[in-house]
Amino acid sequence: MNGNGDYLDFRRWRNIASYLAGIGVEILFTLLLAGIGMLILAGFWIVGG
Amino acid sequence: MRSITILVCMLAAAFSCSAQTAETPSPGSTALVEDAKDWDGRTVSFTGEAIGEAMRRGNMAWIHLNDDAYGLAQGAEAGLFGFNSGIGVWVDARLASRIALFGDYTRHGDVVEVTGIFHAACPLHGGDMDIHADSLRIMRGGYEVAWPIDRSRLIAAGVMVALTAFLFLVRAILRRRGKKDP
Amino acid sequence: MLLRPRAGDLKVIGLYTGRIILGVGLLMAVPLATALVAAEWGPAIDFVIGMCACLAFGLLAEIGCRTSREPTWTHGLVVAGFSWLAATAIGAIPHWLSGHYGSYLDAMFDLMSGYTTTGLILIQDLDHVSHALNMWRHLLTYAGGQGIIVIALTFLVGGASGAYPLYVGEGKDERLLPNVIRTARAIWLVSLVYLAVGTPILWLIAVANGQSAARGFLHALWIFMAAWSTGGFAPQSYNTYYYHSLPFELATVIIFVAGSLNFALHWAVWTGRRGEIRRNIETLSFTVTIAIAMLVTTAGLMKLGVYPDFLASLRKMFYQVASGHTTTGFATIYSRSFVRQWGPLAMLGITLAMAVGGSACSTAGGFKGIRMGLVFKGLVLGVRRALSPERAHVVVKWHHLRTRVLDESTVFSAMLVVICYVAIYALGTLVGVLCGYPLTEALFDAVSAGSNSGLSCGVTSPAMPALLKAVYLLSMWAGRLEFMSVFALGGYLISIVRGR
C-alpha cells in the first residue's frame, strides 16, 4: 500500500477535491447500511402485520 | 449541618409538589425510565432543575429538567450523589422563556415544575422518552455558584511550576554538557 | 530461557514512556487555555498542576534514562502497554481535582475510558462540569483515537527506525506509506480534514436546533471529537439523546462510521482508489455482521412492540446498533432502557455488534472486521479442503488493499486474538455476575468495556464495586492494545523477577 507523497500536500486543490470525493464515498457507505436496516425493519413490519 | 439542610430542602420540594398537584402523579425520572410502559400516555407532573439551555424549534422548545440531588437540593454543589438524572421536556417556547437561569458550571438553574403527557416512545420525536408539557411553573429561582480559589491548591500549583522549571533547567544543562564532551 | 532486561533496556522504556507522558502534558495546554478563556480559575489551577506533573515526569525520565539506543520490537510493545497505564495514572490528576469523582480509581477509569475511546463514564454531575474539564475529556478521546503513540511519533521521535516498534506495539499495523513518520502524517491529515468538515456541519445543525452560537460550537467540536474517535463521550449527562434531532443523529452516525474505518482504507479511497471500499474484506465483513446485529435487535424490538412508529423504530434501532458496532457508545436512549424497554433479545443484538467491533487500524475496538473476515475465510478454506480430493491445492483469496492468498498462519493469528477478546468479555461477565448483576446486564457492560464500545445498560456507575471498576479498566486497556503489548509487559515483569 502506498500513496505518493503528492497526496499529502493538502494545499493543492486537486488533492482537496480527492479527499472530499473520498468522504462522499464513505457517506454513501453509511447510507447503504441505513438502507439495509430499513429493509430489515420493513421485512419485520410486513410479516408482523 | 449541610446534609440536614439538603434533606429539609428535598422534603420541602417533595411536599410542595404533592400538595399542589394532588390529583396528578409526579413520578421521578428513575420511575419513568424503569417503568416507562406503565407511565406511557399518562399525565404527570415533573419537577427538576433546568440545565443546559432551552433549544427553540419554531414555536416550541426542548428543555431538560434534572430531578437528581444536585438539581433539587440547595447548596449541594460540592457533594457527590451519583449520576445526573432527568428527562427531556417539549414545551411551548413562550413557557420555556420564563426560565431565567439554566444549570451549568457557574449556575444552579431554576427549579421548574411541568405538567403534561409522558411518552415512552414519542412518535413525534423519533421514539424519544419525553414529556409534552402544557404548563410550566418556576418553583425556585436559580443562582450563581461562586467557586472560591483554593489557596492550598494555588500554592501546590506554584510548587509544581517551580519544580518543572527546575527539571527543565537540569535537562538543558545536561544536554549542553553532553554536547561539549566528545 | 528468560533473559532479564538490562539497565539499558529499562532506560529505553523509561525514556520513551517519559516522552509520551510529556506529550500528554503538552496536550493539557488546550483545556488550560479553555479554562483561562472561560474564566474558570479553579480548573485552570487544576490543569496547571496536572500539566506540571506530566512534564515533570517526562523531564525526570529524560534526565534519568539518558540513552541513545533505538527501541526494539519488545521495547515498543512494553512502552505501549506501560505508557498507557502511566498516562492513566498521571493524566487523571485534573479529573480528580475537579471534585466530580468519588475516588481516584473512578478518575483513572474515566481517563482510561477516554484514551481507549471506550466511553463508559463514572463522572458525577456531568451537567455542572466546567468547560475546561469537558474539553479535556473530549480531547482525550480524540488523542487516544489517534493513538498517544502516533502523536509522539509525529512530534517527538526523531529518527524513523525507532518509531516503528512503538507504532505497532500500540495496535496499528498498517503501513499507509513506506515511512512510518509519513504514515503518521497521513493519519493526521485524514483526521484533521474530517475535523475541518465535520465540526462546522455539526455547528450549523446545533444552531439550527436552537443552541446558541457559543454553546453550539463547543458541543459541535466535542461531539465531533467523540464521534470521529468512536469514543462516545458527550458534554451532557443525556449523551446524544440531549439533541432530539434527526439531522444531528445522521451527522454523528456518518462521522462515527467513518471513524471506525481502517485508515489505510481512507487513504486508498481518498487517493483515487474508490473501488477499494467495495472489495475490502473489512467493509464486507462489517456489512454482513451489522446486518445480522440489526436482524437480532429488530426481532427483539418488534417482539416487545417497543416503538409503535416505523421511523422511530428505524432511528432508535439503527443508531444504537451502529453506535455499538462501531464501538462508539453514543446513545439516544437511557442506559436502563436497554434493560427495561428493549429486553434481552435486542440487548443480545447490541452485545454481538459491540463484540465484533470496527475495522483494524482505526479508532474502533472489538474483534475487528478483518479478523471476522479471516476467520470466515478460514472456515471456507477448511470446508473446501475437506470436500476436495486429497492432493488438490485449494486456494482461497481475500482482498485488503490488494488481493492475497489466505494462509493458515494468518487465520491462526486472527483466531488467537479473537479468543483473547472472548476471554476478557468472559472475565468481565464473570466478575459482574459475581458482584450480583444479572447475566445479560453483566455481559452487556463487560463486552462494552472489552471492545471499547461504551454503551451501558446501567451496570457501570459510581456505586459499582471497586473490583468490577478495576476489571473493566484493565479490559479497556487490554482490548485497546490488542493484547500483544499486555503480554509483552507481563512477560517483561516476569523476566525481571525470574530471568537470569
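**View 1. Strands E2 (residues 60-66) and E3 (residues 86-92) of chain B pair in the antiparallel sense over seven bridges.** Two strands count as paired here if DSSP finds at least two bridges between them. This is a predicted model, in which local features need pLDDT of at least 70, side-chain atom pairs count only at pLDDT 80 or more, and totals for chains, interfaces and linings use all residues. Residues are numbered from 1 along each chain as its sequence is written, and chains are lettered from A and ligands numbered from 1 in the order in which they are written. Look for two tryptophans across from each other: Trp62(B) has Trp90(B), in E3(B), as its bridge partner. Helices (H or I, at least four residues) and strands (E, at least two) are DSSP runs, numbered from the N terminus.

**View 2. Five strands of chain B close into a barrel.** The order is E1-E2-E3-E6-E5, and the pairing is mixed. From one strand to the next, the twist averages 55 degrees; axes are lines fitted to C-alpha atoms, for helices over the stretch in contact, with angles running from 0 to 180 degrees between N-to-C directions. Zoom out and chain B has six helices and seven strands, which follow one another along the sequence as α-α-α-β-β-α-β-α-β-β-β-β-α. Of its 182 residues, 39% count as buried, meaning 20 or more other C-beta atoms within 10 Å of a residue's own (12 or fewer is exposed, in between is partly exposed, and C-beta atoms are placed from the backbone). Among contacts in chain B with a separation of 6 or more, 63% come from residues 24 or more positions apart. A contact here puts two C-beta atoms, placed from the backbone, within 7 Å.

**View 3. Chain C meets chain B, with 53 residues of chain C in contact with 46 of chain B.** H3, H16 (310-325) and H17 (335-356) of chain C are the elements that give two or more residues to the chain C side. H3(C) brings the largest share, 13 residues. That side of chain C divides into 25 nonpolar, 18 polar and ten charged residues. For these classes, Ala, Val, Leu, Ile, Met, Phe, Trp, Tyr, Cys and Pro are nonpolar, Asp, Glu, Lys and Arg are charged, and the others, Gly among them, are polar. Of the two pairs of chains in contact, B and C share the most contacts.

**View 4. Helix H3 (residues 41-64) of chain C is mostly covered, with 20 of its 24 residues buried.** From first C-alpha to last, H3(C) reaches 34 Å, close to the 34 Å expected at 1.5 Å a residue; the expected span is 1.5 Å times one less than the number of residues. H15(C) (residues 281-304) also has 24 residues, with end C-alpha atoms 35 Å apart, which agrees with a predicted span of 34 Å. Just after H15(C), Gly305(C) takes a positive phi of about 55 degrees.

**View 5. Two loops of chain C hold residues with positive phi that are not glycine.** Ala39(C), with a phi of about 55 degrees, sits in the loop between H2 (29-37) and H3. Asp125(C), with a phi near 55 degrees, lies in the loop between H6 (104-115) and H7 (131-146). Their surroundings: Ala39(C) is exposed, with 9 other C-beta atoms within 10 Å, whereas Asp125(C) is buried, with 25.

**View 6. E1(C) and E2(C) form a hairpin with one residue between them.** Strands E1 (residues 397-400) and E2 (residues 402-405) pair in the antiparallel sense over four bridges. Leu401(C), in the turn, has a positive phi of about 70 degrees. E1(C) has a covered face, Trp398(C) and His400(C), and an uncovered one, Lys397(C) and His399(C). Across the hairpin, the bridge partner of His399(C) in E2(C) is Thr403(C).

**View 7. Chain A touches chain C through 26 residues of chain A and 40 of chain C.** The chain A side has 17 nonpolar, eight polar and one charged residues. Chain A has one helix and zero strands, and 20% of its 49 residues are buried. No contact joins chain A and chain B, whose closest C-alpha atoms lie 15 Å apart.

**View 8. Residues 155-161 of chain C stay under a pLDDT of 50.** pLDDT is the predictor's confidence in each residue, from 0 to 100. For this stretch, the model has ten contacts beyond four places in sequence. Chain C as a whole averages 91, with 93% of the residues scoring at least 70. The complex gets an ipTM of 0.91 and a pTM of 0.92 from the predictor.
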